[in-house]
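Trainee: I should like a close look at one part of this structure, followed outward to the parts around it. Please take me through it in one connected account.

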Amino acid sequence: MTKVKICGITNLEDALFAVDAGTDALGLVFYPQSPRYITPDRAREIVLRLPPFVAKVGVFVNEEMDRVKEIMAYCHLDYAQLHGDETPEQVAALAPRAIKAVRVRSAADVEQLSAYRAAAYLLDAYHPTKPGGTGETWDWGLAVAAKRYGPIILAGGLTPDNVTDAIARVHPYAVDVSSGVEAAPGIKDRQRVRRFITAAKGA
């Protein structure tokens, strides 16, 4: 069964609802320019209220590795999702707790995964100025080729209406959604969250 990650969590109520609806992981964005940014103090408060067996993932963009490790420890995070220009050495330094994100435009973007050693690889839509959370879809056919490098997390423009088709085409390890289940940036639409998880789990 495909795993589900609900990303861009900014409050405890949305986090607990997503867990109750069946999500496998929650994403917390530590990138100040993001409309879904959350402070480490607030993230820690949320994480400490979560039940067991839910993966907590911190999302970082070109953050210093020492700072990533510091936030992961302080907030009790399980994984670091790296959306910047991190080197293979930086990603390896967080092994086995690193998820490397790549914005995909072509097969060449997929091929760069071979340089990295990560727990999984998140494939997202390319945007010239945004590192993620664009709500835009892309050529999912490229994600199929990426599976030879390891577990693939499919992201980018996923919604309750298209996630079943995406899973049928790619058969990813997991799917990741943020804007596709929101009422506003950082605020989840609970009906859409439940519909997304139900659709993904039933695919």
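**Helix α7 and the surrounding helices**

Mentor: In this predicted model, helix α7 is followed by His 171, whose phi is positive, near 55°. The helix itself spans residues 163-170, and its buried residues are Val 163, Ala 166, Ile 167 and Val 170. Around the axis these residues cover an arc of only 95°, so they lie on the same side of α7. The elements against which the buried residues of α7 pack are two helices, α6 (141-146) and α8 (190-202), and two strands, β7 (152-154) and β8 (174-177).

From α7, the account may pass to one of these partners, α8. Two packed helices are described by the distance between their axes and by the angle between those axes. For α8 and helix α1 (residues 12-21), the axes come within 9 Å and cross at roughly 30°. Because angles under 35 degrees count as roughly parallel, α1 is described as roughly parallel to α8. The crossing of α1 past α8 is right-handed. On the α1 side, the contact is made by Glu 13, Asp 14, Phe 17, Ala 18, Asp 20 and Ala 21. On the α8 side, the residues involved are Arg 190, Val 193, Arg 194 and Ile 197.

Helix α1 leads in turn to α2, since the buried residues of α2 pack against α1 as well as against β2 (25-29), β3 (55-60) and α3 (65-75). Helix α2 covers residues 40-47, and Pro 40, Ala 43, Ile 46 and Val 47 are its buried residues. Viewed down the axis of α2, they fall within an arc of 120° and therefore line one face of the helix.

The cysteines remain to be considered. A search of the whole structure finds zero disulfides. Cys 7 is in no disulfide, and the nearest cysteine sulfur, that of Cys 75, is 14 Å away. Why is the sulfur of Cys 75 not bonded to that of Cys 7? A disulfide requires the two sulfur atoms to be within 2.5 Å, and the 14 Å between the sulfur of Cys 75 and the closest cysteine sulfur, in Cys 7, is too far for a bond. As to their surroundings, Cys 7 is buried, with a relative accessible area of 7%. Cys 75 also counts as buried, at 0% relative accessibility.

Technical notes
Residues are numbered from 1 along each chain as its sequence is written. This is a predicted model: local features need pLDDT of at least 70, side-chain atom pairs count only at pLDDT 80 or more; totals for chains, interfaces and linings use all residues. Side-chain values use heavy atoms; hydrogens and water are left out. Buried means under 20% relative accessible area, exposed over 50%, partly exposed in between (1.4 Å probe, protein chains only). Helices (H or I, at least four residues) and strands (E, at least two) are DSSP runs, numbered from the N terminus. The arc is that of the directions from the helix axis to the C-beta atoms. Contact means heavy atoms within 4.5 Å. Axes are lines fitted to C-alpha atoms, for helices over the stretch in contact, and angles run from 0 to 180 degrees between N-to-C directions. Angles under 35 degrees count as roughly parallel, over 145 as roughly antiparallel, 65 to 115 as roughly perpendicular and the rest as oblique. A crossing is left-handed if the near helix is turned anticlockwise from the far one by less than a right angle, and right-handed if clockwise.
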